[in-house]
Amino acid sequence: MPRLEPPQRLPRIISSPGSTTFNRTSSWRNLVPRIDLALCTGCLLCWKFCPEACVGLPGPKPEIGMDYCKGCGVCAQECPAECISMDQEAEA
Amino acid sequence: MKTSIPQEELLRSGHQACQGCASTVAMRYALKGLGRRTIIVVPACCWTVISGAAPNSSLDVPLLHAPFASAAATACGVKAGLQARGDEETTVMVWAGDGSTYDIGLQSWSGAAERGEDMLYVCYDNEAYMNTGVQRSGATPMGVWTMTTPDGNRRPKKDLDALLEAHHISYAATASIAYPEDFVRKFAKARAIKGFRFIRVFSPCPPGWKYDPDKTVDLARLAVLTGVFPLYEIEAGAFRLNLAPAKLKPLAEYLAPQGRYKGLDPEALAREQGSVTERWQRLLARKAAS
């Protein structure tokens, strides 16, 4: 009887969970969000509405993960304190 | 820190959705409500791409790709497999676009619903075949521009919610990304119910609807506040309107930011406003009667 190969040696037909994080989608971005934390009330709507799941909650105030932000501007549009501005991305 | 919806993220960054895509926000909320013990079945739709190219996945839960016509049939098989292994805990969720739900996969979900199969079927409705480049579907509203209706769609949107109710399913609901707490609550509730559950999610699409991506949540909210997409749920036949504004906003507020409605003349706008108001009145009458 041939010995069965361990699963990791099988052809990679099964995707690894949550593995798209290798793909830094920041290169899609034309506009870049900037949070003025002095004005931020910590309502966390930016975290809730982010389509990229890239707004982190390191503490009571949010932090945008710039490796993945595509610059859609939903956070800036929805922020009730209007403390997020969308600036032109610097030329690479 | 306390948050009004769970903090655990089962959708990861680096996915392939367009900027400002509503269906990714919807998936985040759905999995916050369902939790890790979930298996997703996806037919051909935008999510075929968003979930990542093999061997990568943007999700922390298993996902199976199914042909366009057979997502619900595939989910029946997954559920039967789980049951054979003694797993009654895991939720099987179909996550399908409107093309698969309204048109191509209608027979397979209709069969599953009629048999009372134990699954949650979710349609994220972006009102056209967006993944292949904006072709009209049965979910496309009247008057709307698509690649295949360049002078405006001539047929009204299919009333899927009525079609579902005719199947006597255990739970039916609508959900909008503009109301995260209501959204997550409905998925948590659907998880606990047995039998065929259906949730229709409203999913604004920046490239397909021709608006700036930052307006995604705003449009989802306006759709609710204008009565285009009322939030309600029907549990074991009992109807509940989740949000009833005292006065609906005018339809024109919702249409204005969308390029796909640019060709709509005032006469057509009045007709559309009339049909939205008429449907809203029917829902209010139903609320009063329940």
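The following exercises, with worked solutions, concern a predicted model with chains A and B.

**Exercise 1. Describe the surroundings of B:R197: which element holds this residue, is the residue buried or exposed, and which polar contacts does its side chain make?**

Step 1. Locate the residue. B:R197 belongs to strand β6 of chain B, which covers residues 196-202.

Step 2. Classify its accessibility. The relative accessibility of B:R197 is 3%. The limit for a buried residue is under 20%, and B:R197 therefore counts as buried.

Step 3. Find the polar partners. The side chain of B:R197 makes a polar contact of 2.7 Å with the side chain of B:D118. The B:R197 side chain also reaches a backbone atom, the oxygen of B:G195, at 2.9 Å.

Step 4. List the wider contacts. With neighbours within four places in sequence left aside, B:R197 is in contact with residues including B:T91, B:M119, B:Y121, B:Y171 and B:R191. B:D118, the polar partner from Step 3, is also among these contacts.

**Exercise 2. Classify the ring pairs B:F68–B:Y129 and B:F202–B:Y254, and state which parts of chain B each pair ties together.**

Step 1. Set the context. Over all chains, the structure holds 14 aromatic pairs.

Step 2. Take the geometry of the pair B:F68 and B:Y129. The ring centres are 6.1 Å apart and the planes make an angle of 70 degrees, an edge-to-face arrangement.

Step 3. Place both residues. B:F68 is in the loop between β2 (63-65) and α3 (71-84), while B:Y129 is in the loop between β4 (119-125) and α6 (160-165), so the pair ties together parts of chain B that are 61 residues apart in sequence. B:F68 is partly exposed at 27% relative accessible area, whereas B:Y129 is buried at 16%.

Step 4. Repeat for B:F202 and B:Y254. Their ring centres lie 6.4 Å apart with planes at 50 degrees, so this pair is tilted. B:F202 is in strand β6 and B:Y254 in helix α10 (residues 251-255), so the pair ties together parts 52 residues apart in sequence. B:F202 counts as buried at 1% relative accessibility, and B:Y254 counts as buried at 1%.

Step 5. Extend the analysis. B:F202 and B:Y254 belong to a cluster linked by ring pairs, together with B:W209, B:Y211, B:F229 and B:Y261.

**Exercise 3. Which backbone and side-chain features mark B:K210, and what is the phi value of B:A236?**

Step 1. Examine B:K210. This residue lies in the loop between α8 (206-209) and α9 (216-225) of chain B, and its phi is near 60 degrees, a positive value in a residue other than glycine.

Step 2. Examine its side chain. The charged end of B:K210 sits over the ring of B:W145, 4.4 Å from the ring centre. B:K210 is partly exposed, with a relative accessible area of 42%.

Step 3. Turn to B:A236. Its phi is positive, at about 45 degrees, although the residue is not a glycine. B:A236 is in the loop between β7 (232-235) and β8 (238-241) and counts as exposed at 71% relative accessibility.

**Exercise 4. How many residues form the largest nonpolar core, and which helix gives the most to it?**

Step 1. Consider the principle. Nonpolar side chains tend to be buried together in soluble globular proteins.

Step 2. Apply it here. The largest nonpolar core has 82 residues, and those with the most contacts inside it are B:W47, B:W95, B:F187 and B:Y254. Helix α1 of chain B (residues 22-34) gives the most to this core, with 8 residues.

Step 3. Identify the separate core. Apart from the largest core lies another of 26 residues, including B:V94 and B:Y121.

**Exercise 5. Describe the contact between chains A and B, and the place of B:P55 and B:S57.**

Step 1. Quantify the contact. Chain B contributes 43 residues and chain A 32 residues. The buried area is about 2900 Å², and carbon and sulfur atoms give 54% of this area.

Step 2. Identify the leading contributors. B:S13, B:Q19 and B:P55 supply 20% of the area that chain B buries against chain A, more than any other three residues.

Step 3. Inspect B:P55. It is in the loop between α2 (46-50) and β2 of chain B, and the peptide bond from B:A54 to B:P55 is cis, with omega near 5 degrees.

Step 4. Inspect B:S57. This residue lies in the loop between α2 and β2 and is buried, at 9% relative accessible area. A polar atom of its side chain lies 3.1 Å from the backbone nitrogen of B:L59. Among the residues that B:S57 touches are A:S15, A:P17, A:G18 and A:T20.

Conventions. Residues are numbered from 1 along each chain as its sequence is written. Chains are lettered from A and ligands numbered from 1 in the order in which they are written. This is a predicted model: local features need pLDDT of at least 70, side-chain atom pairs count only at pLDDT 80 or more; totals for chains, interfaces and linings use all residues. Side-chain values use heavy atoms; hydrogens and water are left out. Helices (H or I, at least four residues) and strands (E, at least two) are DSSP runs, numbered from the N terminus. Buried means under 20% relative accessible area, exposed over 50%, partly exposed in between (1.4 Å probe, protein chains only). A polar contact is a pair of N or O atoms within 3.5 Å; within protein, one must be able to donate a hydrogen and the other to accept it, and residues adjacent in sequence count only if both atoms are side-chain atoms. Contact means heavy atoms within 4.5 Å. Rings of Phe, Tyr and Trp (its six-membered ring) pair if their centres lie within 6.5 Å; planes under 30 degrees apart count as stacked, over 60 as edge-to-face and the rest as tilted. A charge sits over a ring if NZ of Lys or CZ of Arg is within 6 Å of the ring centre and within 35 degrees of the ring normal. A nonpolar core is a set of buried Ala, Val, Leu, Ile, Met, Phe, Trp, Tyr and Cys residues joined through side-chain atoms within 4.5 Å. Buried area is the accessible area (1.4 Å probe) that two parts lose on being put together, summed over both.
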